[in-house]
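Here is a small set of exercises to work through with the model open beside you. Try each task on your own before reading the solution.

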Amino acid sequence: MCGIIGYVGKKSASPIILEGLRRLEYRGYDSAGIVVMSDAALTVQKKLGKIDQGLAPLLKTRPLAGQLGIGHTRWATHGIPSDKNCHPHFDQPGKIAVVHNGVIENYDALKQRLIRAGHTFKSDTDTEVLAHLIGDCYEKRRATAGGQASSLTSFKPKPRQLNGLGTAAAETLTQAVCDALREVIGTYGLAVICADHPDLIVGARRGSPLIIGIGHDENFLTSDANAIVAHTRKVVYLNDYDVATITPERFDVLNLGADTAKVQISNLEFSQEDAVRGKHAHFMLKEIFEQPQTVLNALRGRLDFEGATAKFGGLNMTAAELRGLDRIVIAASGTSWHAALVGEYLIEEFAQIPVEVEFAHEFCYRNCPLEKNTVLLVLSQSGETADTLAALREAKRRGHRALAIVNVVGSTIARESDGGIYMHAGPEIGVASTKAFVSTLSVLSLLAVHLGRLRNLPAKRALEFLRALEALPAQIESLLAQNNSLKKLAKKYAQADDFFFLGRGYTFPIALEGALKLKEISYIHAEGYSAAEMKHGPIALIDAQTPTVFLVPQDAMYDKTMANLAMIRARKGPIIALATEGDTQIKKVANDLIYLPKTLEPLYPILASVPLQLFAYHIAVARGCDVDKPRNLAKSVTVE
């Protein structure tokens with residue numbers, strides 16, 4: 001959650017940080033704040049509300065001058081959204097400022113100790129406690145060293161030196177941060193500045209992403225590369241327990257748990273243009289319309305028609321190891337969990353390998369038995385989802401191989417997994433996932449074919465499926481061409497208070513996903529069910545004011561789904577049907593129709609997702625909702 005950006009260099013810091021915060025706002029938008037070093041003093045502006053309604057007007061009337069600063073956009077955990085709880089927070093003397101993502105689990109015990117030592121607190125946040133703790137450690141360091149400190153190279157554990165900061169100032173502040181973090185239980189991605197050090201930022205991470213951006217006579221610190229891609233494409237992804245010390249000319253990294261830090265400079269795979277809205281009214285709409293290309297990217301180079309299979313370069317498992325799998329457990333959260341359900345159907349049908357889908361957070365905290373030849377597969381767009389990362393680490397702790405399907409190159413899950421597959425969907429800014437979901441389904445389809453061909457999947461059937469996959473981008477284009485009619489349909493139903501989404505077989509998970517999309521961005525209560533489950537209780541809620549979105553493609557379950565549809569019709573429930581082109585029978589029973597191009601049954605989930613995304617989007621717009629920043633939500637859930 002939340003967003004962090006820091007800048008140190010030769011330019012004015014405030015405009016760079018403000019623009020970075022705008023790019024990070026999809027990670028949290030309860031409040032935002034900036035602190036800048038000006039004439040050896042820290043000056044701050046922070047305000048409740050979204051950036052352009054709160055912080056930005058404040059900075060326009062009272063600008064901040066200085067060439068070093070840090071900023072934060074908040075998704076509240078400890079303390080309600082308010083001016084006083086907005087980051088940055090300061091230590092007791094007001095010399096040290098901190099912005100922080102994550103949760104300090106033992107903050108209350110630390111707070112009580114500090115209060116007994118004479119500290120007073122102005123907010124309800126765990127972050128202010130961390131700021132006071134760092135300040136306390138800093139004053140103790142200064143007192144012990146008499147205001148001096150040895151060179152950075154004397155640190156224990158020994159740091160990995162990239163450019164040799166080696167200054168007493170760097171060591172004093174950095175080591176104070178290290179001292180404080182050794183007392184902390186919880187997760188953090190943080191940036192720290194101090195009035196005593198006008199060209200120095202200290203950053204640290206555990207469980208919450210943090211990235212160094214490398215520039216020319218300037219450097220950056222951020223929780224998401226989107227914030228800095230306009231300034232640099234060269235980055236370092238920090239690992240857990242890394243502590244970074246950054247000046248305009250150089251940076252240095254040490255690790256609290258190792259003799260040396262593992263540092264690798266990477267290049268971002270996307271550009272500034274990829275992370276802007278362009279002509280579209282919202283990022284969500286832009287990303288829905290990017291789906292033909294993102295599916296193409298997911299398939300590119302992976303369709304092997306000659307071998308009638310799919311090929312991957314990063315699974316890091318031999319054919320014999322994959323052939324020997326007895327079970328796959330897929331762990332995911334939210335939208336990715338819905339994709340995992342489709343993956344279960346695909347892999348079991350094509351590869352005949354038993355698959356179990358787990359909520360990532362449940363997998364971590366129950367003693368799920370894992371047989372010897374079981375692999376864990378985790379799904380995450382950001383590659384930073386806390387629950388999913390914890391599931392990956394738990395599987396590895398128990399000696400099992402953990403694979404991943406992720407979108408963000410260089411993310412923690414990508415780096416810690418034993419192997420995996422990138423979606424190559426590009427940056428997804430809209431909080432409600434669209435193109436990453438469809439890309440995940442595309443990759444899972446390829447994986448199912450790959451595993452199936454290592455077993456008993458006939459070449460003829462595999463080739464038929466690969467050809468159908470190849471046709472998807474053009475078919476999605478045809479669905480996007482229905483945008484105007486979907487907009488009209490959305491206006492018709494925009495004032496409904498409740499919705500049901502129903503499907504069977506492969507489309508059941510898409511009913512769940514369609515309901516989630518609608519409730520996420522329009523705040524309409526929506527439920528997804530298997531169509532067969534309606535008669536086991538939920539049908540009691542059907543009436544003339546409750547629309548039902550029925551997924552009824554011409555698949556193996558068509559006749560049974562039509563029978564379920566008749567039950568809703570008999571109770572006067574309005575029916576919106578997603579049906580296959582050419583289906584005339586459905587016209588007799590549905591109030592409204594959305595037609596899907598003909599495809600193979602396992603691929604209807606991909607096609608059906610597109611109109612449901614547009615339907616939810618246009619309902620949300622019609623209701624005046626902020627589509628890209630839905631209330632109470634943030635893009636990446638990096639706290640449990």
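**Exercise 1. The surroundings of Gly 71**

Task: Find which residues Gly 71 is in contact with, leaving aside its neighbours within four places in sequence.

Solution: Begin with the contacts, where contact means heavy atoms within 4.5 Å. Leaving aside neighbours within four places in sequence, Gly 71 touches Gly 3, Ile 4, Ile 5, Ile 17, Leu 21, Gly 33, Ile 34 and Val 99. Next, place the residue: Gly 71 belongs to strand β4. Helices (H or I, at least four residues) and strands (E, at least two) are DSSP runs, numbered from the N terminus. Then look at burial, where buried means under 20% relative accessible area, exposed over 50%, and partly exposed in between (1.4 Å probe, protein chains only). Gly 71 has a relative accessible area of 0%, so the residue is buried. Finally, take a distance: from C-alpha to C-alpha, Gly 71 and Asp 259 are 31 Å apart in space, with their positions 188 residues apart in sequence.

A word on the model before going further: this is a predicted model, in which local features need pLDDT of at least 70 and side-chain atom pairs count only at pLDDT 80 or more, while totals for chains, interfaces and linings use all residues. Residues are numbered from 1 along each chain as its sequence is written, and side-chain values use heavy atoms, with hydrogens and water left out.

**Exercise 2. The chain as a whole**

Task: Compare the radius of gyration of the protein chain with that of a compact globule, then describe the make-up of the chain.

Solution: The radius of gyration is taken over C-alpha atoms, and the globule rule is 2.2 Å times the number of residues to the power 0.38. For 640 residues a compact globule would come near 26 Å, and the protein chain has 26 Å, so the two agree. Along the principal axes, the C-alpha atoms fill a box of roughly 85 × 55 × 45 Å. Inside that box are 18 helices and 26 strands. Of the 640 residues, 62% are buried. Now turn to contacts between residues at least 6 apart in sequence: 72% of them join residues at least 24 apart.

**Exercise 3. Searching for disulfides**

Task: Work out how many disulfides the model has, and why Cys 2 is not bonded to Cys 86.

Solution: A disulfide is a covalent bond between the sulfur atoms of two cysteines. Here the test is a pair of cysteine sulfur atoms within 2.5 Å. By this rule the count is 0 disulfides. For Cys 2, the closest cysteine sulfur is in Cys 86 at 10 Å, which is too far for a bond. Cys 178 is likewise in no disulfide, since the nearest cysteine sulfur, that of Cys 137, is 10 Å away. As for burial, Cys 2 counts as buried at 8% relative accessibility, and Cys 178 counts as buried at 1%.

**Exercise 4. Backbone details in the loops**

Task: Find which residue is joined to Pro 88 by a cis peptide bond, then check phi at Ala 40 and His 424.

Solution: The cis peptide bond joins His 87 and Pro 88, with omega about 5°. Pro 88 sits in the loop between β4 (68–74) and β5 (89–90). Move on to Ala 40, in the loop between β2 (31–38) and β3 (41–48). Its phi is positive, near 60°, in a residue other than glycine. Ala 40 counts as exposed, at 56% relative accessibility. His 424 also has a positive phi, about 60°, although this residue is not a glycine. His 424 lies in the loop between β21 (419–422) and α13, and is partly exposed at 32%.

**Exercise 5. Two histidines in helices**

Task: Is His 450 buried or exposed, and which residues does His 361 contact beyond its neighbours within four places in sequence?

Solution: His 450 is in helix α13 (residues 435–453). With a relative accessible area of 16%, His 450 is buried. Beyond neighbours within four places in sequence, its contacts include Thr 309, Phe 312 and Leu 322. His 361 lies in helix α10 (residues 360–365) and is partly exposed at 29% relative accessibility. With the sequence neighbours set aside in that way, His 361 is in contact with Ser 333 and Asp 387. To finish, His 361 and Leu 389 are 28 residues apart in sequence and 9.5 Å apart in space, C-alpha to C-alpha.
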